[in-house]
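Here is a short, friendly tour of the model shown below. Have the viewer open and follow along, section by section.

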Amino acid sequence: MQQSIDFQCPKCGETLSVPSPDLYSCSNCGQNVNVLPRAQVAQPKAKKKTVSSFLGSGCIIQGIGLLLLIAAFFFGLAFPLLFLPIMLVGIVLIIYGSRVAISLKCSACGNNVEKTSKICPTCKSHF
Ligand SMILES: [Zn+2]
Ligand SMILES: [Zn+2]
């Protein structure tokens with residue numbers, strides 16, 4: 001295992017190697033750089049991506065909810081008592097649909113991951 005930490009100077013882009021996490025000044029431009037421990041620097045192999053599917057079931061549910069909202073206004077003109085219940089059902093469907101439509105995916109392998117997981121179950125990437 002290599003002991004030094006590689007990091008990039010945020011000002012000039014020079015890549016520097018230092019033995020330990022500390023405050024350094026860039027040998028190239030003199031910019032002060034706070035070097036974090038390796039674990040915080042070198043780990044971002046993958047990210048969780050929020051993916052909303054526009055063709056999935058969640059979107060269909062949202063579409064129905066939206067139609068109900070529109071319908072509620074028209075029904076409400078003729079039957080004021082129906083306005084509120086139809087509107088509430090529409091809102092619930094839109095909220096429920098947005099939950100179904102959005103899923104988290106691993107940026108490295110594209111498989112679904114849990115919101116709470118720190119390691120991808122498929123490709124073992126760290127988030
Ligand atoms: Zn620099
Ligand atoms: Zn993965």
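## Ground rules

Helices (H or I, at least four residues) and strands (E, at least two) are DSSP runs, numbered from the N terminus. With that in hand, Gln31 can be placed in the loop between E3 and strand E4 (32–34).

This is a predicted model, in which local features need pLDDT of at least 70, side-chain atom pairs count only at pLDDT 80 or more, and totals for chains, interfaces and linings use all residues. Residues are numbered from 1 along each chain as its sequence is written, while chains are lettered from A and ligands numbered from 1 in the order in which they are written.

## Confidence and overall make-up

The predictor's confidence in each residue is given as pLDDT, from 0 to 100. The protein averages 83 on this scale, and 90% of the residues score at least 70. Among the elements, strand E3 (residues 23–25) has the highest mean pLDDT, 91, and helix H1 (residues 38–41) the lowest, 54.

The protein has three helices and six strands. Their order along the sequence is β-β-β-β-α-β-α-α-β. A residue counts as buried if 20 or more other C-beta atoms lie within 10 Å of its own, exposed if 12 or fewer, and partly exposed in between, with C-beta atoms placed from the backbone. By that count, 9% of the 127 residues are buried. Two residues are in contact if their C-beta atoms, placed from the backbone, lie within 7 Å. Of the contacts between residues at least 6 apart in sequence, 42% join residues at least 24 apart.

## The helix pair

How do helices H2 and H3 pack, in angle and axis distance? Helix H2 (residues 57–78) and helix H3 (residues 80–101) meet at an angle of about 165°, and their axes are 7 Å apart. The axes are lines fitted to C-alpha atoms, for helices over the stretch in contact, and angles run from 0 to 180 degrees between N-to-C directions. H2 and H3 are therefore roughly antiparallel to each other; angles over 145 degrees count as such, those under 35 as roughly parallel, 65 to 115 as roughly perpendicular and the rest as oblique. The contact of H2 with H3 holds 21 nonpolar, eight polar and no charged residues. Here Ala, Val, Leu, Ile, Met, Phe, Trp, Tyr, Cys and Pro count as nonpolar, Asp, Glu, Lys and Arg as charged, and the others, Gly among them, as polar.

Now look at Gly90, which is found in helix H3. Gly90 is buried, with 20 other C-beta atoms within 10 Å. Leaving aside neighbours within four places in sequence, Gly90 is in contact with Gly65, Leu66, Leu68, Leu69 and Ala72. From Gly90 to Leu67, 23 residues apart in sequence, the C-alpha to C-alpha distance is 7.5 Å.

## Two loops among the strands

Back to Gln31: is this residue buried or partly exposed? Gln31 counts as partly exposed, with 14 C-beta neighbours inside 10 Å. Not counting residues up to four places away in sequence, Gln31 touches Cys9, Pro10, Lys11, Cys12, Ser25 and Cys26. The C-alpha atoms of Gln31 and Pro10 are separated by 8.2 Å, with their positions 21 residues apart along the chain.

Gly13 lies in the loop between strand E1 (5–8) and strand E2 (15–18). Gly13 counts as exposed, having 10 C-beta neighbours inside 10 Å. The C-alpha atoms of Gly13 and Asn28 are 9.3 Å apart, and the two residues are 15 apart along the chain.

## After the final strand

Lys118 lies in the segment after E6 and counts as exposed, with 10 C-beta neighbours inside 10 Å. Beyond residues up to four places away in sequence, Lys118 touches His126 and Phe127. Lys118 and Lys47 are 71 residues apart along the chain, with 9.8 Å between their C-alpha atoms.

Lys124 is also found in the segment after strand E6 (102–106). Lys124 is exposed, with 12 other C-beta atoms within 10 Å. The phi of Lys124 is near 65°, a positive value in a residue other than glycine.
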